[in-house]
Every structure is written in C-alpha cells, then in structure tokens.
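Hi,

Here is the structure I promised to pass on. Have a look at it first, and then read on for my notes.

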Amino acid sequence: ALRLFTYRLAFFRCRWNNLDFLVVTSDILSLALITIIGDIPSFAVLRVCRVFRLIRFAHLLLLFRELHIMLTGFISAMRAMFWASIMLVMMLTVWSIIAVEVLHPINLRLG
C-alpha cells in the first residue's frame with residue numbers, strides 16, 4: 001500500500017507490481033466473499049498465483065553474480081540427475097526383460 005501511495009500511477013508500469021497487486025487483490029476479494037457468503041468453493045487457481053511471487057525472488061538471484069553461478073550450477077545438476085534417472089530406469093527395464101527371458105525357461109524345467 002505504501003509503494004502504491006508513493007508511486008501512484010507509475011506503480012502499474014512495472015509487471016512485478018501488477019502481479020503483486022493482482023495476488024493481493026484476489027486474496028482480499030476471496031476473504032471478503034468468505035466473510036459475506038460463508039463457505040465457498042476453493043479458489044485454488046487464484047492461490048496458485050502466489051507461486052508466481054517466488055519468481056520475483058528468483059529474479060533477484062540473477063542480479064548477484066555468485067548467486068547466479070550457484071543457481072546455474074544447481075539447474076545443470078538437476079538436469080543431469082533427471083537424465084541419469086531416465087537412463088537408470090531404462091537399464092533396469094532392459095536387465096529385467098533379459099532376466100525374465102533367461103530365468104523363466106530354467107524355472108519351467110525345475111518346476
């Protein structure tokens with residue numbers, strides 16, 4: 001509210017401020033509807049907008065060089081871990097098929 005009062009119409013020129021304004025306004029409206037009407041359906045879609053405020057925090061991380069390097073390294077490591085898990089699942093599937101093909105005839109002869 002203080003930033004809106006200080007900047008007046010210049011406040012709405014920044015996209016991040018528009019996002020914050022939308023999130024806060026939707027929260028206030030949902031609280032007013034809950035107070036007036038009572039139990040209303042969930043506003044899950046509007047509450048997801050709060051997650052977008054985290055993007056603003058990530059944007060701040062990019063301003064500092066060291067934090068940007070750490071964030072880039074973390075994202076690269078997560079990408080490598082994702083592909084490693086895909087490869088691990090594929091290898092487990094292949095070895096499971098081979099094991100079934102080799103062991104199944106042996107089990108039929110023993111049983």
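Below is what turned up, starting with the whole chain and moving on to single helices and residues.

One thing to keep in mind is that this is a predicted model. The chain has four helices and zero strands, so in sequence order the pattern is simply α-α-α-α. Of its 111 residues, 10% are buried. The chain exposes about 9,800 Å², and carbon and sulfur atoms supply 76% of that. As for contacts with a separation of 6 or more, 40% of them link residues 24 or more positions apart.

Now the start of the chain. Arg8 sits in the loop between helix 1 (2-7) and helix 2. Its backbone is worth a glance: Arg8 has a positive phi of about 55 degrees, although it is not a glycine. Arg8 also counts as exposed, because its relative accessibility is 51% and the cut-off for exposed is over 50%.

Next comes helix 2, residues 15-37. With 23 residues at 1.5 Å each, helix 2 should span 33 Å, and its end C-alpha atoms are 32 Å apart, so the two values agree. If you want to see buried positions, helix 2 has Asn17, Leu19, Asp20, Val23, Ser26, Asp27 and Ser30. Right after helix 2 you'll find Gly38, with a positive phi near 110 degrees.

Then there is helix 4, which covers residues 65-110. Helix 4 has 46 residues and reaches 66 Å from its first C-alpha to its last, close to the 68 Å expected. Where does helix 4 kink? The kink, of about 30 degrees, lies at Leu103, shortly before the proline Pro105.

Leu103 also belongs to a nonpolar surface patch of about 900 Å². Its other members are Met87, Met91, Val94, Trp95, Ile98, Val102, Ile106 and Leu110. Is Leu110, in that patch, buried or exposed? Leu110 is exposed, because its relative accessible area is 70% and anything over 50% counts as exposed. Leu110 is placed in helix 4, so you can pick it out while looking at that helix.

Happy browsing!

Terms used:
Residues numbered from 1 in each chain as written. Predicted model: local features only at pLDDT ≥ 70, side-chain atom pairs only at ≥ 80, totals over all residues. Heavy atoms only, no water. Patch = residues over 30% accessible without salt bridge, like charges linked within 9 Å, V, L, I, M, F, W, Y side chains within 5 Å. Areas by Shrake-Rupley, 256 points an atom, 1.4 Å probe, with all protein chains shown as cover. Salt bridge = Lys/Arg side-chain N within 4 Å of Asp/Glu carboxyl O. Helix = DSSP H or I, 4+ residues; strand = E, 2+ residues; numbered from the N terminus. Buried < 20%, exposed > 50% of the residue type's maximum accessible area, 1.4 Å probe, protein only. Expected span 1.5 Å × (residues − 1). Bend = angle between axes of the 7 residues up to and from the residue. Contact = heavy atoms within 4.5 Å.
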